[in-house]
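Subject: Structure handover

Hello,

Here is the structure for your files. My notes on it follow below.

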Amino acid sequence: MEDISKNLETVHGRIEKAAQNCGRDPGEIILCAVSKTRSPEEVNTAIDAGVTDIGENKVQEIMDKYDDIKPVRWHLIGHLQTNKVKYIIDKVDMIHSVDSMKLAKEIDKRAKAHDLTMDILVQINPAQEESKFGVSIDDAGDLVREILDNCENIRIKGLMSVAPIAEDPRDVKPYFDGVKAKYDELAKIEHPNLDLKYLSMGMSHDFEVAIEAGSNLVRVGSAIFGERDYELYRQQQAEKKAKQEENK
Ligand SMILES: *Cc1c(COP(=O)(O)O)cnc(C)c1O
């Protein structure tokens, strides 16, 4: 069993050190605890230990856990299919993974129907990896402007990015730097629905480098909850489902 509160202390220590190393205030960096494959009990333990922001990468997992988790800010950080927007529009506080006009339009439509404005980040794929979602750095500006021109119920709050996997996280610093440069450029646009506040970059293995590049929202899973066991998670979900069937 992982000691979640001890792991959180370690992560906070790493964030503090990384911020201090580059002369930044650690207090300006938000820790988003990534809870994919984790049980509601584990997530609530993290919330009791001070976590204020939870990130999930799948709509289904948000749906499965939502009612069992204490009040917290929810972030959808993974790829979002347009046909699933309706399930999470009134549940999450921010969507990190907007990378197409088609998705933005659907979010806008659903947000309007719920009489709310959704905060989003535009996801950038800085290394143009086939395996990852996101727009290229070059296309980000056009997408941002098109969203601002067409989607009244969306507020653009920043950019999000997942760097390539590298043995030495220092190797991906140029990608983080590239996203930060684009962020600074977009911040000059004046528009009521653009309020750039968040640069969501950095995961368990590379958040120090991301902080050095300017990230103020790190998405950390395994360093808090331990290594993920997807097989175990599938088994637990199957058992839960069987129990629910029994009780019908
Ligand atoms: C899983 C995930 C994370 C966290 O990954 P760790 O390596 O466990 O910290 C961060 N961002 C996204 C988009 C993820 O899917």
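How many disulfides does the count come to? The count is zero, taking a disulfide to be a pair of cysteine sulfur atoms within 2.5 Å. Please keep in mind throughout that this is a predicted model. As for individual cysteines, C151 has a relative accessibility of 1% and therefore counts as buried. C22, with a relative accessible area of 30%, is partly exposed.

Salt bridges

The search of the whole structure returned 21 salt bridges. In general terms, side chains of opposite charge can pair when their charged atoms come close. Three of the pairs are described here.

The pair R38 and E42 has its closest N and O atoms 3.6 Å apart. Buried or exposed: which word applies to R38? R38 is buried, because its relative accessibility is 9% and the cut-off for buried is under 20%. E42 also falls under that cut-off, at 17% relative accessibility, and so counts as buried.

In the salt bridge between D48 and K70, the closest N and O atoms are 2.8 Å apart. This pair links distant parts of the chain, 22 residues apart: D48 belongs to helix α2 (residues 40-48), while K70 sits in the loop between α3 (59-65) and β3 (73-76). D48 counts as exposed, its relative accessibility being 56%. K70 has 36% and counts as partly exposed.

R170 and E212 form a salt bridge through their side chains, at 3.2 Å from N to O. R170 is in the loop between β6 (154-161) and α7 (173-186), and E212 is in helix α8 (residues 207-213), so this salt bridge ties together parts that are 42 residues apart in sequence. R170 is partly exposed, with 43% relative accessible area, and E212 is partly exposed as well, with a relative accessibility of 37%. Which residues are linked with R170 and E212 in a network of salt bridges? They are K173 and D177.

Surface charge

A patch of negative charge lies on the surface, where D138, D139, D142, E146 and D149 gather. One of these residues, D138, is placed in helix α6, which covers residues 137-150. D138 has a relative accessibility of 67%. The cut-off for exposed is over 50%, so D138 counts as exposed.

Contacts across the sequence

Two C-alpha distances in the strands are also on my list. Y198 is part of strand β7 (residues 194-201). From Y198 to N216 the C-alpha to C-alpha distance is 6.2 Å, with their positions 18 residues apart in sequence. Y198 is partly exposed, since its relative accessible area is 22%.

V220 is part of strand β8 (residues 217-220). How far apart are the C-alpha atoms of V220 and G55? They are separated by 8.6 Å, although V220 and G55 are 165 residues apart along the chain. V220 has 0% relative accessibility and so counts as buried.

Regards

Methods
Residues are numbered from 1 along each chain as its sequence is written. This is a predicted model: local features need pLDDT of at least 70, side-chain atom pairs count only at pLDDT 80 or more; totals for chains, interfaces and linings use all residues. Side-chain values use heavy atoms; hydrogens and water are left out. Patches are made of residues with over 30% relative accessible area and no salt bridge: like charges are joined within 9 Å, nonpolar side chains (Val, Leu, Ile, Met, Phe, Trp, Tyr) within 5 Å. Accessible areas come from the Shrake-Rupley method with a 1.4 Å probe; for residues, only the protein chains shown count as cover. A salt bridge is a side-chain nitrogen of Lys or Arg within 4 Å of a carboxyl oxygen of Asp or Glu. Lys and Arg count as positive and Asp and Glu as negative; His and the chain ends are not counted. The place of a charge is taken as NZ of Lys, CZ of Arg, CG of Asp or CD of Glu. Helices (H or I, at least four residues) and strands (E, at least two) are DSSP runs, numbered from the N terminus. Buried means under 20% relative accessible area, exposed over 50%, partly exposed in between (1.4 Å probe, protein chains only).
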